[in-house]
Amino acid sequence: MAGVAESQRFARLRLPVSASRGRRYPELAHPYRNDFQRDRDRIVHSRAFRRLENKTQVFPPSVSDHFRNRLTHTLEVSQIARTIAASLGLDEDFTEALALAHDIGHPPFGHSGEEALAQRMAEHGASFDHNVHALRIVERFESSYAAFPGLNLTFEVREGMAKHSRDFARGEFPELDEYRPGERPPLEAQLIDMADEIAYNTADLDDAADAALFQKADLWEACPDAYALYEPIDSMYPGAPERVRWLEFLRQLVNTLATGLITGTQANLLATQLLSVEDVRQHPVRLVGFTAHAAELNQSLKHFLHAHVYSSPSLEAERAHSAARVGWMFDHLLAHPEAMPENYRLEHAQELPHRLVCDYIAGMTDGYFHRAYLEMT
Ligand code: MG
């Protein structure tokens, strides 16, 4: 960010690649890419990343070609997160790798798919969580290297994925106990979740407006701080098409939230005077956060989206339909494991039957799920 005083950049709290704990399976250094850049490239070249293109974010592609899918959402998160990291003096490559990986554990059909799998797994005394699943993907399911399973990402990228949306205590998720439980992740990892919120709150407004799921007047009434951004644009460009004025507003909104996150984080860091990444880790709470004004704006958008968009009858019906089908397929595959590819079953023969089924469905794109469903019924 131009004009940010050096004292408000926090390079001392950046996690430099030279401080990485490295990879599970040691590898030779690359001549001109550092380890975080290699992690980013491995994620971009993975199958799980490409599958994001055919996974629903919120709005089903059957309604419009312009909606975000999980891939374009991921690119928006990455762009916002990198901008914020750069302005704070944090590591952009580390941030980018984390942003690109942040949603690869999502099953088909967004949150309805996740809830359906979590519910079925709970019936077997197990669980499904997209962050834990993302780690299973990068540790085990991606197999394109001769020397090791998975992508062999650095410890810090795997830790950041594990702590994407929440920190955990030792024993809370036994499978995550190697990732420094009880500690905060580095700032680069802390900002991903917030960049994710900025990206989806603004993008969901855009897509929902496209789908005519709400009246703008209702938004202005529910979120006066949003109207305060729109009003000057409206008077400045009265002749511009409504759609263009709306896009001007959305740009202002992203900018206001991103600036609020940078400013809020700077204030937290100045107030705490932490000196190192280790101090960030030991601090009792996360330090990346909005200013009070940006937090209020963000909250009001969230409330509005829940009240007017996510709970709209068309989306509710779509979600219920998808969840029912995911649940049905889970039961079907558990009863008929032979309907899963033989090489998959042999390769993961050590897994319990419900985990085998869960992983198989979680890896599907929406499109693959539809085809598989039609074949099974
Ligand atoms: Mg996301």
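**Exercise 1. Find out which helices the buried residues of H13 pack against in this predicted model.**

Start with the buried residues of H13 themselves: Ala 294, Leu 297, Asn 298, Ser 300, Leu 301, Lys 302, Phe 304, Leu 305, Val 309 and Tyr 310. Now look at what sits against them. You'll meet helix H8 (187-210), helix H9 (216-222), helix H10 (224-236), helix H11 (242-272) and helix H14 (313-335).

To see how such a list can arise, recall that an α-helix has 3.6 residues a turn, so residues three or four places apart point the same way.

**Exercise 2. Check whether the end-to-end distance of H13 agrees or disagrees with its number of residues.**

Step one: H13 covers residues 292-310, which is 19 residues. Step two: at 1.5 Å a residue, the helix should span 27 Å. Step three: compare that with the model, where the end C-alpha atoms of H13 are 25 Å apart, so the two agree.

**Exercise 3. Take one residue of H13, Ser 300, and work out whether it is buried or exposed and what it touches.**

First, place it: Ser 300 belongs to helix H13. Next, its relative accessible area is 16%, and because buried means under 20%, Ser 300 counts as buried. Then look for partners, skipping residues up to four places away in sequence: Ser 300 touches Ala 222 and Cys 223.

Follow up on that second partner. Cys 223 has 0% relative accessibility, so it's buried too. Cys 358 is likewise buried, at 0%. If you're wondering about cysteine bridges, the structure holds zero disulfides.

**Exercise 4. Identify which residues coordinate the magnesium ion and describe how they are spaced along the chain.**

Begin at the ion. Its donors are His 73 (NE2), His 102 (NE2), Asp 103 (OD) and Asp 196 (OD), at 2.2 to 2.6 Å. Written as a sequence pattern, the spacing is H-x28-H-D-x92-D. Now pick out two of them: His 73 lies in helix H3 (residues 70-88) and Asp 196 in helix H8, so this pair ties together parts that are 123 residues apart in sequence.

Finish with accessibility. His 73 is buried at 2% relative accessible area, and Asp 196 is buried at 7%.

**Exercise 5. Decide whether H6 and H7 run roughly parallel or roughly antiparallel, and find the residues that make their contact.**

Get the geometry first: the axes of helix H6 (residues 130-141) and helix H7 (residues 155-162) come within 8 Å and cross at roughly 150°. Angles over 145 degrees count as roughly antiparallel, so that is the label for H6 and H7. From H6, the contact uses Asn 131, Ala 134, Leu 135, Val 138 and Glu 139. From H7, it uses Arg 158, Met 161 and Ala 162.

One more stop is the loop between H6 and H7, where you'll find Asn 152. Its phi is near 50°, a positive value in a residue other than glycine. Asn 152 is also buried, with a relative accessible area of 2%. For another positive phi, try Gln 273, where the value is near 55°; this residue is in the loop between H11 and helix H12 (277-282).

**Exercise 6. Work out which residues Arg 325 touches and how the C-alpha atoms of Arg 325 and Phe 369 are separated.**

Place Arg 325 in helix H14. At 22% relative accessibility, Arg 325 counts as partly exposed. Leaving out residues up to four places away in sequence, Arg 325 touches Phe 369, His 370 and Tyr 373. The C-alpha atoms of Arg 325 and Phe 369 are 9.2 Å apart, although their positions lie 44 residues apart along the chain as a separation.

Now turn to helix H17 (residues 366-376): its buried residues include Phe 369 and Tyr 373. H14 and H16 are among what covers the buried residues of H17.

**Exercise 7. Locate His 348 and list its contacts.**

His 348 sits in the loop between helix H15 (342-347) and helix H16 (353-362). With a relative accessible area of 8%, it's buried. Beyond its neighbours within four places in sequence, His 348 is in contact with Arg 140, Phe 141 and Leu 356.

Note on methods
Residues are numbered from 1 along each chain as its sequence is written. This is a predicted model: local features need pLDDT of at least 70, side-chain atom pairs count only at pLDDT 80 or more; totals for chains, interfaces and linings use all residues. Side-chain values use heavy atoms; hydrogens and water are left out. Helices (H or I, at least four residues) and strands (E, at least two) are DSSP runs, numbered from the N terminus. The expected span of a helix is 1.5 Å times one less than its number of residues. Buried means under 20% relative accessible area, exposed over 50%, partly exposed in between (1.4 Å probe, protein chains only). Contact means heavy atoms within 4.5 Å. A disulfide is a pair of cysteine sulfur atoms within 2.5 Å. Donors are N, O and S atoms within 2.8 Å of the metal (3.2 Å for Na, K and Ca); water is not among the atoms, so sites may look incomplete. Axes are lines fitted to C-alpha atoms, for helices over the stretch in contact, and angles run from 0 to 180 degrees between N-to-C directions. Angles under 35 degrees count as roughly parallel, over 145 as roughly antiparallel, 65 to 115 as roughly perpendicular and the rest as oblique.
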